[in-house]
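Thanks for coming. Please have the sequence and the model open while I talk.

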Amino acid sequence: MANSLLPVVALLALLFGASRAADFEVGGDAGWVVPAAGDSGTYNDWASKNRFLVGDSVHFKYKADSVMEVTQEEYDKCGSTHPIFFSNNGDTEVRLDRPGPFYFISGVTGHCERGQKMVVKVIGQNEPPPAPPAPPSGAAPAGIGSAAAMVTAALLPALIVLGV
C-alpha cells in the first residue's frame, strides 16, 4: 500500500512544491522612465499587483538614467550618497534574495521626485500568501469540504492514470 501512494505523493509535490524564480520587467514595454505628470504612483501600483518571492528578479531597462537600491529613509527623501546597489548600464537585473521590502529610486536628480521610484515587497518561499479579504457580513465562509472537493477533482484524472 505504501508503494501505491508514492506516485500520488510525487504528483502532489510537483503540483504544490514546485516553484520557479520569475523575472519581472519593471515598467513593461516602457521600461524604467520618469512617469507622465500626475502618474507618480505608476511603479508602486505595478509592484502591488505582482507577487514577489525570494529568488525572483526585477529587470530594469532604461536610457540615460540609473537605478539604485536604497534604504527606506533614502527612498522617502529621494536621495542617497551611499546606495545599497547602483547601476547605470541601461539593463539592470536585481535578484530579490531575501524577504522584506526593497526600495528602488532613479539616481538622476529630480526623477525620483517625479515618481521614478518603487517599493517591492518580497515574501519568503515558505510564507503563506496574504490572507484573502473577509467575506461580506452575513456570508458563510467556504468550508474545507469545498476545498477538498476541488483538489480531489483536479487530481482525479492523475489518480486514475496511476491506478490508485
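I will go through the overall layout, then the two sheets, then the cores and the rings.

First, the ground rules. This is a predicted model, so local features need pLDDT of at least 70 and side-chain atom pairs count only at pLDDT 80 or more, while totals for chains, interfaces and linings use all residues. Residues are numbered from 1 along each chain as its sequence is written, and side-chain values use heavy atoms, with hydrogens and water left out.

Now the layout. The protein chain has four helices and eight strands. Helices (H or I, at least four residues) and strands (E, at least two) are DSSP runs, numbered from the N terminus. In sequence order the pattern is α-β-α-β-β-β-α-β-β-β-β-α. There are 164 residues in the protein chain, and 31% of them are buried. Buried means under 20% relative accessible area, exposed over 50%, partly exposed in between, with a 1.4 Å probe and protein chains only. The exposed area is about 10,600 Å², and carbon and sulfur atoms supply 60% of it. Those areas come from the Shrake-Rupley method with a 1.4 Å probe; for residues, only the protein chains shown count as cover.

What about contacts along the chain? A contact means heavy atoms within 4.5 Å. Take the contacts between residues at least 6 apart in sequence: 73% of them join residues at least 24 apart.

On to the sheets. Two strands pair if DSSP finds at least two bridges between them. One open sheet has three strands in the order E1-E3-E6, with mixed pairing. Its edge strands are E1 (23-25) and E6 (91-95), and each pairs on one side only. Neighbouring strands in this sheet are turned by 25 degrees against each other on average, direction ignored. Those angles use axes that are lines fitted to C-alpha atoms, for helices over the stretch in contact, and run from 0 to 180 degrees between N-to-C directions. E1 pairs with E3 (residues 57-61) in the parallel sense, over three bridges. Asp-23 stands opposite Ser-57 in E3.

The other open sheet has five strands, in the order E2-E8-E7-E4-E5, and its pairing is also mixed. E2 (52-53) and E5 (85-87) stand at the edges with a single partner strand each, so one side of each has no neighbour in the sheet. Inside the order, E4 (residues 67-70) and E7 run antiparallel, joined by three bridges. Glu-69 has Phe-104 in E7 as its bridge partner.

Next, the cores. A nonpolar core is a set of buried Ala, Val, Leu, Ile, Met, Phe, Trp, Tyr and Cys residues joined through side-chain atoms within 4.5 Å. Which residues have the most contacts inside the largest core? They are Phe-52, Val-58, Phe-60, Phe-104, Met-118 and Val-120, in a core of 18 residues. Helix H2 (42-48), E3, E7 and strand E8 (117-123) each supply at least two of its residues. E8 gives the most, with three. Apart from this core lies another, of eight residues, among them Met-68, Val-70, Cys-78 and Cys-112.

Look at Val-58. Leaving out residues up to four places away in sequence, its contacts include Asp-23, Phe-24, Thr-92, Leu-96, Phe-104 and Val-120.

Now Leu-96. This residue lies in the loop between E6 and E7 (100-105). Leu-96 is buried, at 0% relative accessible area. With the same sequence neighbours left out, Leu-96 touches residues including Phe-52, Leu-53, Val-58, Phe-102, Val-120 and Val-122. Leu-96 and Leu-53 are 43 residues apart along the chain, yet their C-alpha atoms are separated by 7.4 Å.

Last, the rings. Rings of Phe, Tyr and Trp (its six-membered ring) pair if their centres lie within 6.5 Å; planes under 30 degrees apart count as stacked, over 60 as edge-to-face and the rest as tilted. That rule gives eight aromatic pairs. Trp-32 and Phe-60 are edge-to-face, at 5.0 Å centre to centre and 80 degrees between the planes. Trp-32 sits in the loop between E1 and H2, and Phe-60 in E3, 28 residues apart. Both Trp-32 and Phe-60 are buried. Phe-60 and Phe-104 have ring centres 5.1 Å apart and planes at 55 degrees, so that pair is tilted. Phe-60 lies in E3 and Phe-104 in E7, so the pair ties together parts 44 residues apart in sequence. Phe-104 is buried too, at 0% relative accessible area. Ring pairs link Trp-32, Tyr-43, Phe-60, Phe-102 and Phe-104 into a cluster.
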